[in-house]
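User: Please take a close look at one residue beside the ligand and the space around that residue. Keep it brisk.

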Amino acid sequence: MPEIKVSGVVPESITDGPGIRFALFVQGCAHNCPGCHNPGTHDYNGGEWKNTDEYLAAIKADPMISGVTLSGGEPFDQAEGLLPFAREVKALGLELAAYSGYLYEELLADEGKKALLEACDVLIDGPFIREQRNLDIRFKGSENQRIIDVPESFRKGKVVLKEDGRWTPSEIEIKIP
Ligand code: SF4
């Protein structure tokens, strides 16, 4: 497996998507969204080079994990390095989600980024916009971001939002304290 630049991992995250997920935070991001909650991941010189084999081993050893989330940092700036890991995750039958400051349409325009996108089940796209911040919505930082059903979007040739209630609970569910 190629090495990737990593900021850190949360082996059993309950905040980076539905269920218990292995969350991998890559190092390096050039989007510079004002108000970013994770500024320590921006510097491409920070973090550590890691081989993703150890993460795969941890994922395989944990029966609680139902999905993997790529976050950061900007995962798609390391698309080539992450692609073999992403394919292995899919081969395990786990749901693969990714956060990106790029829009879905921008990822399609770059062959390397598109290849990683094709391996994903879910994409949460777009920059964090402080003025559109909303703490009442799960799994998104700001209203502008979209939770995208990636396979369905490829099938239909246009962005299809995830309708699965695991990712997009109803308004009533959201308001329950
Ligand atoms: S894309 Fe994400 S990590 Fe990068 S600056 Fe924006 S909010 Fe922060």
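Analyst: Start with the contacts of Cys29 in this predicted model. Beyond its neighbours within four places in sequence, Cys29 touches Thr41, His42, Tyr44, Gly73 and Glu74. Cys29 sits in a loop, the one that runs between β2 (21-26) and β3 (48-51). Is Cys29 buried or exposed? Its relative accessible area is 12%. The limit for buried is under 20%, so Cys29 counts as buried.

For a long-range distance, take Ile124. Cys29 and Ile124 stand 95 residues apart in sequence. In space, their C-alpha atoms are 16 Å apart.

Now the ligand. Cys29 is one of the residues around the ligand. The others in that shell are His31, Asn32, Cys33, Cys36, His42, Gly73, Gly101 and Phe128. His42 and Gly73 thus appear twice: they surround the ligand, and they are in contact with Cys29. By class, the ligand shell holds 4 nonpolar and 5 polar residues. It has no charged residues.

Which space does the ligand take? The ligand occupies the largest pocket. That pocket holds about 600 Å³ of space. Its lining counts 33 residues, and those closest to the centre are His37, Ser71, Tyr99, Phe128 and Gln145. Phe128 is also among the residues around the ligand. The pocket lining splits into 11 nonpolar, 17 polar and 5 charged residues. So charged residues do occur in the lining of the pocket, whereas the shell around the ligand has none.

How values were computed. Residues numbered from 1 in each chain as written. Predicted model: local features only at pLDDT ≥ 70, side-chain atom pairs only at ≥ 80, totals over all residues. Heavy atoms only, no water. 1 Å grid on protein atoms, 1.4 Å probe; cavity = no way out; pocket = protein on both sides within 12 Å on 5 of 7 lines; lining within 4 Å. Points joined across faces, edges and corners; volume = space filled by probe spheres on them. Nonpolar A, V, L, I, M, F, W, Y, C, P; charged D, E, K, R; others polar. Near = heavy atom within 4 Å. Sits in = over half its atoms within 2 Å of the grid points. Helix = DSSP H or I, 4+ residues; strand = E, 2+ residues; numbered from the N terminus. Buried < 20%, exposed > 50% of the residue type's maximum accessible area, 1.4 Å probe, protein only. Contact = heavy atoms within 4.5 Å.
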